[in-house]
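Visitor: I would like to learn how to read a fold from its contacts, its sheet and its cores. Could you take me through one case, feature by feature?

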Amino acid sequence: MEIDIREYLAPLRKWWWMIAITTFVAAVASFFATRQQVPVYRSYTRLAIGNYLESTDVSNNDFSTTRQLATAYVEIANQPGFSRDAAQALGLDVLPRDIDIRQVNDTNFVDITVTDTDPTRSMAVAAELARQLSLRTPTGQDSGDQEFVQGLLTDYQTKIEDTQDQIAAKEEEIGELISARDISVATGELNTLENNLQNLTQRYTELLSLTQEGATNSVQIVDPATEGTLVNSNSIISVITAAGIGFVLSASAAYLLEYLDDTVKTPEQIAKLGNIPTLAGIAYIDSEDESKLVTVTDTRSPVAEAYRVLRTAIQFSVVDKKNSILLMTSGVPSEGKSTTAGNLAVVLSQAGNNVVLIDGDLRRPSQHNVFNLPNKRGLTSLLLKLNVDDSDIEVRNLVEDTVQPTQVEGLQVMTCGPIPPNPSELLGSAKMRHLLDVLDRQYDFVVIDSPPVLSVTDAAVLSATAGTTLVVVRANKSRKDEFKQVVERLADVNANLAGAVLNSLKAGSEGHDFYYYYKDPYYTYGDEPDKDAGEPKSKLRKRFLRGQEAVQS
């Protein structure tokens, strides 16, 4: 299965303006929002619980104990009282809101992070929080107590060194003695000195555990707090991120809108849904124009050229058909079938063909309005006078009395006439088939404007007799399901569905590439310049109406 990347990119092309506006607005909004933000600074300090990093003999018990202590200190630091003590110490009413105190990956390290609008204050708060945590340890005594303990440690250290010297001297003395009695006395003195050294060492160790250097339950500052660094300076990244988010959201909205939109837009969709070709693309005709017959009032316009393209396609399609009856229909009303039928009949006549246009919509006729013709007599009045066994001459006489000429040479119009109570029965009658058979032999082309297929059964009845059936599809209005139903119903009656006409294409729409649009009038190869090409449409329309009145008179 061949994948057409253009089909997937079509929603982006169609809604490019929405995507561009959304992306631009998101980027601009992010830029101004970033500019208005107050600068934010972040200060950081790291603490270590215990002193095993400085110890040469570390056990697994030390690791386990310090990790548990770190967890406990983090719980203490996150209590309201801890923050109040730090705020009082700094002389602040409250601390910054953005304070993060956490244990690092189940280790003995504790990180304190402070984010504030003042870089100096963020550093001071981080340092004070670290100090407050240190005061919660057993070693966090006042400086006087610490000095006293340090004095005792110095005294004990001196005594230990003196005792060690005495032991060394006593050992040397014992080595020089000869008398057994003297050796025994000296050995007793040596044992006393060694006991004294052991006692001094034990007391020294106990005092050392009360200091920061020797305690397991202590807090050390590994990475001191520094002045806060700016953390919201990446305005360009914020703008790019916002623009990217805006683009993704708007692009997603475009695809969602396309998914929810079930209207027919392109010839590719027509081919996929109905397996029929698109014979021509007709541009949108402004409803405010004085006439829908652009092939008469504006013969050099691209719209008129599009109808000539349709004429060429039809001429090729009817070469091998059983008759030259063209049925123009649509799925639902207001899709442009009557306008298309009228303009098609005009361009067929302009090509030198003898054409009759029949208004087969016996419920809501419109061709008399399109051509500005009276509707007192028409198809219905002719069928009342016609008999199934009438000869061709008799039928042609009735036709001659019923059809109305137009200003377009070779084109005659058979309007609807009085609206009957039984339209379907009339259109499906043997009289109607006999009439169409005679008209097929009399005219080069018989164009029938029929009712919509999904509204009534009239179109299906007529399509069984017509040699060629065309379906008018209004771009961005005709529903996909409705179009599929039209094709299915016509297939059920074995209608010869030659193709579709994609109508009301607007500039910038997906199917607009199928319709060639030029701003300036242009001439088709082989055409003679039109002396009226430069006249305004309103003047051409008035001339057409005056010509119609002259023909009728």
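Guide: In this predicted model, residues 24 or more positions apart account for 81% of the contacts in the protein with a separation of 6 or more. The secondary structure comes to 20 helices and 13 strands, and 44% of the 553 residues count as buried.

Visitor: What is the order of the strands in the open sheet of eight strands?

Guide: As a general idea, strands of a sheet pair through backbone hydrogen bonds, either parallel or antiparallel. Here the order is S6-S13-S12-S7-S11-S8-S10-S9, and the pairing is mixed. At the edges lie strand S6 (278-283) and strand S9 (404-405), each of which pairs on one side only.

Visitor: How many bridges join strand S8 to strand S10?

Guide: Four bridges join S8 (residues 355-359) to S10 (residues 411-414), and the two strands run parallel. To follow one of these pairings at residue level, take Ile358, whose bridge partner in S10 is Met414.

Visitor: Which residues have the most contacts inside the largest nonpolar core?

Guide: In soluble globular proteins, nonpolar side chains tend to be buried together. In this case the largest nonpolar core has 35 residues, and those with the most contacts inside it are Tyr307, Leu310, Leu344, Leu357, Phe371, Leu411 and Val447. Helix H12 (residues 337-350) gives the most to this core, with six residues. If residues up to four places away in sequence are not counted, Leu411 touches Ala345, Val346, Ser349, Val355, Leu357, Phe371, Pro405 and Thr406. A second core, separate from that one, has 27 residues, including Ile325, Leu435, Leu436 and Ala466.

Visitor: Turning to a single helix, which residues are buried in H19?

Guide: Begin with the geometry: helix H19 (residues 480-492) has 13 residues and reaches 19 Å from its first C-alpha to its last, close to the 18 Å expected at 1.5 Å a residue. Its buried residues are Phe483, Val486, Val487 and Leu490. These four cover an arc of only 90° around the axis, which means that they are on the same side of H19.

Visitor: What covers the buried residues of H19?

Guide: The cover includes both helices and strands, namely helix H9 (267-274), helix H18 (458-463), strand S7 (325-330), strand S12 (468-474) and strand S13 (497-505). Strands S7, S12 and S13 also appear in the order of the open sheet.

Visitor: What follows H19?

Guide: H19 is followed by Asn494, whose phi is positive, near 60°.

Technical notes: Residues numbered from 1 in each chain as written. Predicted model: local features only at pLDDT ≥ 70, side-chain atom pairs only at ≥ 80, totals over all residues. Heavy atoms only, no water. Expected span 1.5 Å × (residues − 1). Buried < 20%, exposed > 50% of the residue type's maximum accessible area, 1.4 Å probe, protein only. Arc of directions from axis to C-beta. Contact = heavy atoms within 4.5 Å. Core = buried A, V, L, I, M, F, W, Y, C linked by side-chain atoms within 4.5 Å. Pairing = 2+ DSSP bridges.
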